[in-house]
Amino acid sequence: MAVYGGAHRTSDRSWPQLLALAFGAVYLLVGIVGFFVTGFAHFFTSDTGKTLLGFEINGMHNVVHIVIGVAGLVLAHSLSGARTYGRLLAGAYGAAFVYGLFAIGEDWDFLSLNRADNVLHLVTAGAGVVIALAPVREGVHRAS
């Protein structure tokens with residue numbers, strides 16, 4: 001965050017930081033809203049039949065969304081933190097995608113996934129790679 005004449009400019013965040021912040025906010029919101037759909041019972045139930053915007057969820061799935069969301073909000077503070085968050089998204093959601101390839105429809109699916117979840121997990125893993133690895137152009141900031 002740059003300082004100009006004693007005032008902090010929040011617009012000096014890099015685009016990976018803004019993307020990490022956005023993903024963090026969305027996943028936190030989805031996790032919280034998810035509990036209004038699932039309630040607080042049956043945390044590990046597979047095939048709950050409870051969906052949020054077409055994505056199947058259960059209590060544990062909501063908790064994962066909240067943890068990923070909070071991590072994004074916290075790590076978006078710096079570029080290195082955003083890069084770490086990108087690696088977290090890539091690894092965690094890449095693993096969730098592979099897990100979903102085998103778990104969908106199985107009694108042991110503790111996250112209660114469906115095919116829409118799997119597609120979203122793959123897209124999120126890809127976004128994590130972009131946040132973690134894409135170049136950032138350092139510009140010159142002028143005082144307004």
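**Contacts far along the chain**

Work out what share of the contacts with a separation of 6 or more joins residues 24 or more positions apart. *Solution.* Start with the rule: two residues are in contact when heavy atoms lie within 4.5 Å. Now take the contacts in the chain with a separation of 6 or more; residues 24 or more positions apart account for 66% of them.

Before you go on, note that this is a predicted model, where local features need pLDDT of at least 70, side-chain atom pairs count only at pLDDT 80 or more, and totals for chains, interfaces and linings use all residues. Residues are numbered from 1 along each chain as its sequence is written, and side-chain values use heavy atoms, with hydrogens and water left out.

**The order of the elements**

Find how many helices and strands the chain has, and in what order they come. *Solution.* Helices are DSSP runs of H or I with at least four residues, strands are runs of E with at least two, and both are numbered from the N terminus. Counting that way, you get four helices and four strands. Walk along from the N terminus and the pattern reads β-β-α-β-β-α-α-α.

**Checking helix H1**

Compare the span of H1 with the expected one, then list its buried residues. *Solution.* The expected span is 1.5 Å times one less than the number of residues. For the 24 residues of H1 that gives 34 Å, and the end C-alpha atoms are 34 Å apart, so the two agree.

Next, the burial. A residue is buried under 20% relative accessible area, exposed over 50%, and partly exposed in between (1.4 Å probe, protein chains only). Across the 144 residues in the chain, buried ones make up 36%. In H1 they are Pro16, Gln17, Ala20, Gly24, Tyr27, Gly31, Gly34, Phe35 and Thr38. Their cover includes strand S3 (51–52), H2, helix H3 (79–103) and H4. Just after H1 sits Gly39, with a positive phi near 75 degrees.

**Checking helix H4**

Do the span check on H4, then look closely at Asn118. *Solution.* The 19 residues of H4 should span 27 Å, and the end C-alpha atoms are indeed 27 Å apart. Among the buried residues of H4 are Asp117, Asn118, His121 and Thr124. The buried residues of H4 pack against H1, S4, H2 and H3.

Asn118, which lies in H4, has a relative accessible area of 6%, so it counts as buried. Skip its neighbours within four places in sequence, and Asn118 touches Ala96, Phe97, Gly100, Leu101 and Ile104.

**Positive phi outside glycine**

Asp47 and Leu53 both have a positive phi: where do they lie, and are they buried or exposed? *Solution.* Asp47 has a phi near 50 degrees and lies in the loop between H1 and S3. With a relative accessible area of 61%, Asp47 is exposed. Leu53 has a phi of about 55 degrees and lies in the loop between S3 and strand S4 (55–56). Its relative accessible area is 77%, so Leu53 is exposed.

**Aromatic pairs**

Count the aromatic pairs, then classify Phe35–Phe43 and Tyr99–Trp108. *Solution.* Rings of Phe, Tyr and Trp (its six-membered ring) pair if their centres lie within 6.5 Å; planes under 30 degrees apart are stacked, over 60 edge-to-face, and the rest tilted. The count comes to six pairs. Phe35 and Phe43 are 5.9 Å apart centre to centre with 40 degrees between the planes, a tilted pair. Phe35 is buried at 13% relative accessibility, while Phe43 is partly exposed at 27%. The centres of Tyr99 and Trp108 are 6.0 Å apart and the planes stand at 70 degrees, so this pair is edge-to-face. Tyr99 is buried at 19%; Trp108, at 47%, is partly exposed. Phe23, Tyr27 and Tyr93 form one aromatic cluster.

**The second largest pocket**

Describe the second largest pocket: its space and its lining. *Solution.* On a 1 Å grid over the protein atoms alone, a pocket is an open set of points where a 1.4 Å probe fits, with protein on both sides within 12 Å along at least five of seven lines; lining residues have an atom within 4 Å of a point. The volume is the space filled by probe spheres set on the points, which are joined across faces, edges and corners. Here it comes to about 210 Å³. The lining has 15 residues, with Val26, Tyr27, Val30, Phe55 and Leu120 nearest the centre. Helices H1 (15–38), H2 (59–75) and H4 (115–133) each give two or more residues, and H4 gives the most, five.
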